[in-house]
Amino acid sequence: MIKTVFWKNNTVVMIDQNALPLLERQVVCSDYRQVIAAIKDLTVRGAPAIGVAAAMGAALGALSIPSVSGGKFQKKFNAICDEIAQARPTARNLFWALERMKKYLDEAIPTGKKNLAGELVKEAKRICAEDIEINRQMGRYGRELFSDGDNILTHCNAGALATAGFGTALGVIRASVEQGKKLHVYVDETRPVLQGARLTAWEMKKEKIPATLITDNMAGFLMKQGKIDKIIVGADRIALNGDTANKIGTYSLAVLAKAHRIPFYVAAPLSTFDLSLKTGAAIPIEERQANEVTHFRGVQSAPQGMKVYNPAFDVTPAKLISAIVTEKGILTKPYTAAIAWLRKGNGRQ
Ligand code: MRU
């Protein structure tokens, strides 16, 4: 199994996603600041993977705190978490993981536990292990949406590389294939950073899942030609009403899907839901540097000094989403009611 990010001998090891698919190499972080840099420059990317990396980064930070009293330790640890929280703004999982680490410490201190940093390392490892299990569970629920012979379109990379392992949207595809269904996947290239062409294509090839790469602007024509039966994508943040932020280009796909009456699915763990936001209008959208657009893998392709707008995500309105696959079951409209049901600790299918 592809292990995207993991803990080894008091370091955080991650697959270098910037080097893929040409080079399979790992980056080893021994300082939490290196983890922040790796999140910022997309060495590790994809909402759940960012969450796991953030938790492990926080654990590395905890190990660097000299032995002080519980209160002082907590102050320093929270400051480290606040620093990590600045790495990227959109993926909810980053903040979810840091909140969970802070809460864990808050509850551990009164119990008189001695090795607080060691306890935080264990919690970060748990977040990592749970993520894989959650993805498998999403796969078990989500695979019922796909039929033998389906042609599935996906955007960006919501696979093992975007999580601790197995994947969200690609996890549903993997689980369907494991079940014996023959699927064919159309992989959107995903400009400007090419997460589809570089990462999803790499995952599909590695596991011999039949797949075809297309550029983003071809998707509408393929839908018109009847080549696409279903679409599934991951998510970076989901508001209470089901509005979903995901990689730029997702919204266009959802509009095209509606025009061609093609089911449009989202797969995401509960850690991606932001229960503080009523709608997607309040989701912070990261803007990334201009050279992602003016250059193509390091080679300049636009005039020098060209003005650029480069939002890394867009928001798909809930009304365009046919269903949301979670580890608690498949949510259908109205999402506000379905999410409220989940908040009460229920499962739903
Ligand atoms: O900028 P990235 O590569 O971190 O963006 C990732 C995406 O938008 C994914 O589709 C999303 O995180 C879902 S991954 C399970």
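**View 1. Polar contacts between glutamine 195 and the ligand, and between other side chains and the ligand, in a predicted model.** In this predicted model, a polar atom in the side chain of glutamine 195 is placed 2.9 Å from an oxygen atom of the ligand. Asparagine 246 likewise brings a polar side-chain atom to 2.8 Å from an oxygen atom of the ligand, and for arginine 45 an N or O atom of the side chain lies 2.8 Å from a ligand oxygen atom. Of the accessible area that the ligand has on its own, 410 Å², the protein covers 100%.

**View 2. The shell of residues around the ligand.** The ligand occupies the space of the largest cavity, and the elements that contribute two or more residues to the shell around the ligand are the helix α2 (47–63) and the strand β9 (244–247). There are 17 residues around the ligand, and those that come nearest are Arg45, Arg88, Asp236, Asn246 and Lys247. Sorted by class, the shell around the ligand consists of seven nonpolar, six polar and four charged residues.

**View 3. The largest pocket and its lining.** The volume of the largest pocket is about 320 Å³, and among the 15 residues that line this pocket, Val193, Asn291, Glu292, Arg297 and Gly298 are the closest to its centre. Two elements, the helix α10 (291–294) and the strand β11 (295–296), each provide at least two residues of the lining of the largest pocket. In terms of residue class, the lining of the largest pocket comprises six charged, five polar and four nonpolar residues.

**View 4. The second largest pocket and its lining.** The second largest pocket holds about 170 Å³ of space, and of the 14 residues that line this pocket, those closest to its centre are Ser67, Val68, Phe73, Lys114 and Leu116. The elements that supply two or more residues to the lining of the second largest pocket are the helices α2, α3 (70–84) and α5 (116–142). By class, the lining of the second largest pocket is made up of nine nonpolar, three polar and two charged residues.

Key. Residues are numbered from 1 along each chain as its sequence is written. This is a predicted model: local features need pLDDT of at least 70, side-chain atom pairs count only at pLDDT 80 or more; totals for chains, interfaces and linings use all residues. Side-chain values use heavy atoms; hydrogens and water are left out. A residue is near a molecule or strand if one of its heavy atoms lies within 4 Å of it. A polar contact is a pair of N or O atoms within 3.5 Å; within protein, one must be able to donate a hydrogen and the other to accept it, and residues adjacent in sequence count only if both atoms are side-chain atoms. Accessible areas come from the Shrake-Rupley method with a 1.4 Å probe; for residues, only the protein chains shown count as cover. On a 1 Å grid over the protein atoms alone, a cavity is a set of points where a 1.4 Å probe fits but cannot get out, and a pocket is an open set with protein on both sides within 12 Å along at least five of seven lines; lining residues have an atom within 4 Å of a point. A molecule sits in a cavity or pocket if more than half of its atoms lie within 2 Å of its grid points. Helices (H or I, at least four residues) and strands (E, at least two) are DSSP runs, numbered from the N terminus. Ala, Val, Leu, Ile, Met, Phe, Trp, Tyr, Cys and Pro count as nonpolar, Asp, Glu, Lys and Arg as charged, and the others, Gly among them, as polar. Grid points are joined across faces, edges and corners, and a volume is the space filled by probe spheres set on the points.
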